[in-house]
Amino acid sequence: MLFVDRETEFEVLKSEYELCRRGVRCGVLVYGWRRVGKTSLVKYFLEKMGEGIYINCAWLSNTVSLANKVKKSIAKFDETLSNIFWGRIASIEDPEHVLYEALEIMDSLAKTRKTKLIIVLDEFHVFLENVAKKIARIKRESVNSVKERVFWFFKDLLERKNAFWILLSSIGWEKLEELMSLKKGKEQPLLAAFRRILVKPLDIKASVELAMKIREGIPLDVARTIAEISGGIPPIIITLASSYDGASVIRLAYKLVEKREFDDFFINIIKFISELSRRDLPAYIQVLLALAKDIKSPIEISKNTGL
């Protein structure tokens, strides 16, 4: 796995892990822009530290989906425990209870390990927002009431110090704090329990280094142009450097855009904006399609999209 200019963040993760082993604190929140390398950093950390569980929560639509991911993850360590857990899940109808069981079983597994188990939940805040709304509808209560119970449960897990928990989030701290906060004036049970690690885009020097690692022999000025165009986003640097054919980097970038090589990055930006404003992603897509058709006034866009 390529690893460029993340030594500082890696060392912070290591030092926090050591603190957890000594019973001081067992939670880290890694946050920053999408595609800047948060997941790569944490997976590299898992690789170097030995054993751990990684679950991407972004696309999980309900608590049973999470439980299924947990079942598969713990089976790598203890298949018997995994089967017992899944049998228990099959008898539970309450989705909130399923969530607690999924988190609890990972903590139970951690207690059996000789080394401190690392548990990574990627984009957990997205999953929590979605399932809290569903649970609130089923139980006919407020979303905040559901989130508050989950926060306190998670805080209890952290305070047991059986596992080293890492949460990853692709939004800024202020917005994350807003999404995970409850009523004004009420204690925030969870965020204060985590050490925050901000992962920023690569700087010019690191971006040049990555481009030259991807494509050996690439001229320095070309690598620098790639670095400047990319904005320090590793996947864009990798795509540009690996596709470089000796022609203009700017023309190469245009060709790659036309071939839709960067669609994933652009859709992530739209998702990011959608999360910040708490609007539905499809609504943003409709507005962008309207703009692409040269429909520019708000009234025309509203008529065209039905929004």
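A residue counts as buried when its relative accessible area is under 20%. Keep that cut-off in mind as we tour this predicted model, starting in the middle of its sheet.

**Strand E4 and its sheet**

How many of the seven residues of E4 are buried? Seven of the seven are, so E4 is largely enclosed by the rest of the structure. In a regular strand the side chains alternate between the two faces of the sheet. In E4, Ala 163, Trp 165, Leu 167 and Ser 169 point one way, while Phe 164, Ile 166 and Leu 168 point the other way. Both sets are buried.

E4 belongs to an open sheet of five strands, and the order across this sheet is E2-E3-E4-E1-E5, with parallel pairing. Which strands stand at the edges? They are E2 (52-56) and E5 (195-198), and each has a single partner strand, so one side of each is left without a neighbour in the sheet. From one strand to the next, the twist averages 15°.

Here are three of the pairings, each with one pair of residues that stand opposite each other:

| Strands | Bridges | Direction | Opposite residues |
|---|---|---|---|
| E3 and E4 | six | parallel | Leu 121 and Leu 167 |
| E1 and E4 | five | parallel | Leu 29 and Leu 167 |
| E1 and E5 | four | parallel | Tyr 31 and Leu 198 |

You can use Leu 167 of E4 as a landmark here: Leu 121 stands opposite this residue, and so does Leu 29.

**Two helices across the sheet**

Now look for the helices that lie across these strands. Helix H5 lies across E2, E3 (117-122) and E4 (163-169), and runs at about 155° to E3. Helix H6 lies across E3 and E4, and its angle to E4 is about 80°.

H5 (residues 95-112) and H6 (residues 124-139) also pack against each other, at an angle of about 140° and with their axes 9 Å apart. H5 brings Pro 95, Glu 96 and Leu 99 to this contact, and H6 brings Phe 127, Ile 135, Ile 138 and Lys 139. Sorted by class, the contact has five nonpolar residues and two charged ones, with no polar residues.

**A helix with a buried face**

Further along the chain is helix H10 (residues 220-230), where Val 222, Ala 223, Ile 226, Ala 227 and Ser 230 are buried. Why can we say that the buried residues of H10 line one face of the helix? Seen down the axis, they fall within an arc of 140°, so they line one face. On the other side of H10, Leu 220 and Asp 221 are exposed.

What do the buried residues of H10 pack against? Their partners are helix H9 (204-214), helix H11 (234-243) and helix H12 (249-258). Just after H10 comes Gly 231, which has a positive phi, near 70°.

**The cysteines**

Finally, let us turn to sulfur. A search of the whole structure finds one disulfide. Which cysteines form it? They are Cys 20 and Cys 26, with their sulfur atoms 2.0 Å apart. The torsion about their S-S bond is about 95°, so the disulfide is right-handed. Both Cys 20 and Cys 26 are buried.

Another cysteine to find is Cys 57, which counts as buried because its relative accessibility is 0%.

Methods:
Residues are numbered from 1 along each chain as its sequence is written. Side-chain values use heavy atoms; hydrogens and water are left out. Axes are lines fitted to C-alpha atoms, for helices over the stretch in contact, and angles run from 0 to 180 degrees between N-to-C directions. Contact means heavy atoms within 4.5 Å. Ala, Val, Leu, Ile, Met, Phe, Trp, Tyr, Cys and Pro count as nonpolar, Asp, Glu, Lys and Arg as charged, and the others, Gly among them, as polar. Buried means under 20% relative accessible area, exposed over 50%, partly exposed in between (1.4 Å probe, protein chains only). The arc is that of the directions from the helix axis to the C-beta atoms. Two strands pair if DSSP finds at least two bridges between them. A disulfide is a pair of cysteine sulfur atoms within 2.5 Å.
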